[in-house]
Number of protein chains: 2
Amino acid sequence: MKHQVTIIDIARQLNISKSTVSRALTGHPRVKEATRRAVLDLAGQLDYQRNMLAINLSSSRSKTIGIIVPEFVTSFFPIVIMGAQEVASESGYTVLICQSNETYEAEVANAKAMLVNRVDGVMVSLTRETKNFEHLAMFARKAIPLVLFNRVCYDIDAPKVVVDDYEGAFKATEHLISTGKKRIAHLAGPLSLYISRKRLEGYKDALRKHNLPADEDLIISYDLDLSKARMHVKHLLDLPQPPDALFAVNDPTALEALLLIKERGLSIPDQIAVVGFSNDYGSALIEPSLTTIAQPTREIGRVATQLLLEQINTDASTWKSVTRVLKTELLIRGSSIHGASGCSILNSRNLAE
Amino acid sequence: MKHQVTIIDIARQLNISKSTVSRALTGHPRVKEATRRAVLDLAGQLDYQRNMLAINLSSSRSKTIGIIVPEFVTSFFPIVIMGAQEVASESGYTVLICQSNETYEAEVANAKAMLVNRVDGVMVSLTRETKNFEHLAMFARKAIPLVLFNRVCYDIDAPKVVVDDYEGAFKATEHLISTGKKRIAHLAGPLSLYISRKRLEGYKDALRKHNLPADEDLIISYDLDLSKARMHVKHLLDLPQPPDALFAVNDPTALEALLLIKERGLSIPDQIAVVGFSNDYGSALIEPSLTTIAQPTREIGRVATQLLLEQINTDASTWKSVTRVLKTELLIRGSSIHGASGCSILNSRNLAE
DNA sequence: CCATTTTGTGGGAAGGCTCCCACAATTGGG
DNA sequence: CCCAATTGTGGGAGCCTTCCCACAAAATGG
């Protein structure tokens, strides 16, 4: 195992001090041009690599940002992370990803892991069961910048990046109403999640605006455990007065619904129309293809990371908890209107671009 | 910004030396039980967190493994990474993910970034255009363990984790033959990728075994740029003697083919059957659902990481370049046989479990 | 009861870098 | 031409651990 080249090696060979080498390498202005060139040349020759371990210790910054996401199974979070990675690496930051597996315990454990690894900032999207936010408050106490995204909460004072869930749900519901549907069901997420509440609100307000009754029987809130989605849809279909449309809290749920409805031989969208939220993989592929609310997934990651880096690079006292709301787009496809379909698989992935 | 608690703080408060605190904290046997307890208690009280930055510098190990993947768009790599993350974090390792965006330049840049970040080991899946392996050889020179997975090459002496691509392709092709197909086309990947060559071989050998001619017109190798897949399929369908089946190098390609075939109104699988490779998202959702070769995606990540950690924890001289070959499974669905279908979205995600 | 081993503790170097302070060398203005 | 400002360089502390060496105290054995 050979000795790694250090700035001291360079200093010795050039007969200068390690301080000067350090300055030359970091682009400090107070270095003679000739010296700088000599240092850089020799560094190149010796294949010198700056030792991040030492730099990190010395500067007490890890140049790492942490991201805690609830899951990795749907396409949403991987794409968010892609966006985050791009912005982070542009600024020389590394990304540490933890997955909380939709459990509160894992989320808390991950938060601790972030501390141990001395990340310079953290981005979090909550699990479906997180109701206590002490582990997030801890970041504030340690002056570690925090940005919430997607699954946010308002119990914690931190910048947030979300899409306009209310408006998205409103558009989705209004679209169904515009196709003549009268009994529109909503399969909602857990109401502990702000995101679920907002979507529910948008749905209700759209009904109200168009003077449709909000039948409580048609609203089901569930914990996003996909294996239960089918059961809830079954319940809705078996109502004495079944719905003629379903707005699901997200695409996986909507897809489950679609599959069940197809099994039952109901005609889509005539007997029952379906709309999802997210434009996940597969939503464009299923037949009929799923009408859904597309969100700028990658952009969420980019914006959240920018916000985080801004915080990292400013004094804690100047932090302010802005909320960035990104726009959604209604994608009308076959599950709500006849004949809207026929797209390439590339389209189904457009959010990743 | 408050001063972080260090072992020196603990030492001072207990009137002992920092060496003793360090020993107590790291579980060194030569510490009196009472002392150890006192240290641990106070550490708990003060909410002491070991400073990984210092530990890393001191031990010259970052406790980080790097993963370079070509893309993040299909579900394959995110799931591999999930598996890797699990194994890594069990051993206290952090994962640094880089995405090379299917370009050689980015892959080289990522490799450099790995060095700068002083990762303890690297896992790489090559881009579709990588033909020069100097950047990988560099790891060997610096005694940094390397494991190749999925998209591997044999120009570099390193452990590899792959699935049995040959056998998978063989099974896929034989399955098509068993349904009576005679003119089976193969839309292959770039032959610079070992994985593409193996799948092509398996395909050819299956034809040979069953005394079917290997018509070179029916074999197309392309660069995996999905936007071109459609064109190649078009070409095949427009042949004077079009194929009656298509085996595609991966699922995204197969899905593109399926969509085009549906547009043309050909009956599937009667006029033309399709088989893919990977069991990606969406493959179970499209109609007809796609017959494909499932691979133990998550397991690939787990095994590769285990192999890497083994290398990290042993002397470089004992490293041996084993190749771990994981088994694939043929999933027969509607694109090759009538009536095989009807699955929940959960099944389409079974590889993530 | 003394010599030897074991146990527990302290001191300090090492790891590689940054950054502050001090000082030498150069430049510029009056 | 001299004093002040600027520019360039060196020295060394600090970041927080780990780990080796040294040594005191206690335990063990003949």
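**Exercises: two protein chains and a DNA strand**

With 7 C-beta neighbours inside 10 Å, B:N211 counts as exposed; the label means 12 or fewer other C-beta atoms within 10 Å of a residue's own, while 20 or more makes it buried and anything in between partly exposed, with C-beta atoms placed from the backbone. This is a predicted model, where local features need pLDDT of at least 70, side-chain atom pairs count only at pLDDT 80 or more, and totals for chains, interfaces and linings use all residues. Residues are numbered from 1 along each chain as its sequence is written, and chains are lettered from A and ligands numbered from 1 in the order in which they are written.

**Exercise 1.** Find out where A:R118 sits and whether it counts as buried or exposed.

*Solution.* Start with the backbone: phi of A:R118 is near 55°, which is positive, and the residue is not a glycine. Next, find its place, the loop between α6 (104–116) and β3 (121–124) of chain A. Helices (H or I, at least four residues) and strands (E, at least two) are DSSP runs, numbered from the N terminus. Now count: A:R118 is buried because it has 24 C-beta neighbours inside 10 Å. Then look back at B:N211, whose phi is also near 55°; B:N211 lies in the loop between α9 (194–209) and β7 (219–221) of chain B.

**Exercise 2.** Work out how β4 (residues 146–149) of chain B fits in with β3(B) and β5(B).

*Solution.* First, check the side chains: B:L146 and B:L148 point one way, B:V147 and B:F149 the other, and all are buried. Second, look at β3 (residues 121–124) of chain B, which runs parallel to β4(B) and is joined to it by three bridges; two strands pair if DSSP finds at least two bridges between them. Here B:M123 stands opposite B:V147. Follow the chain from β3(B) through helix α7 (residues 134–141) of chain B to β4(B), and you trace a right-handed β-α-β crossover. Right-handed means that, with the strands pointing away from the viewer, the path from the first strand over the helix to the second runs clockwise. Third, turn to β5 (residues 160–163) of chain B: two bridges pair it with β4(B) in the parallel sense, and B:F149 faces B:V161 there.

**Exercise 3.** Give the strand order of the open four-stranded sheet in chain A and name its edges.

*Solution.* The order is β7-β6-β8-β9, with parallel pairing. The edges are β7 (219–221) and β9 of chain A, as each pairs on one side only. From one strand to the next, the twist averages 15°; axes are lines fitted to C-alpha atoms, for helices over the stretch in contact, and angles run from 0 to 180 degrees between N-to-C directions. Zoom in on β6 (residues 184–188) and β7 of chain A, joined by three bridges, where A:A188 has A:S221 as its bridge partner.

**Exercise 4.** Describe the surface near DNA strand C.

*Solution.* Of the 27 residues around the strand, A:T6, A:S22, B:I16, B:S17 and B:S19 come nearest; "near" means a C-beta atom, placed from the backbone, within 6 Å of it. By class there are 10 nonpolar, 13 polar and four charged residues. Ala, Val, Leu, Ile, Met, Phe, Trp, Tyr, Cys and Pro count as nonpolar, Asp, Glu, Lys and Arg as charged, and the others, Gly among them, as polar. Finally, the helices that each supply at least two residues include α1 (7–14) of chain A and α4 (52–59) of chain B.
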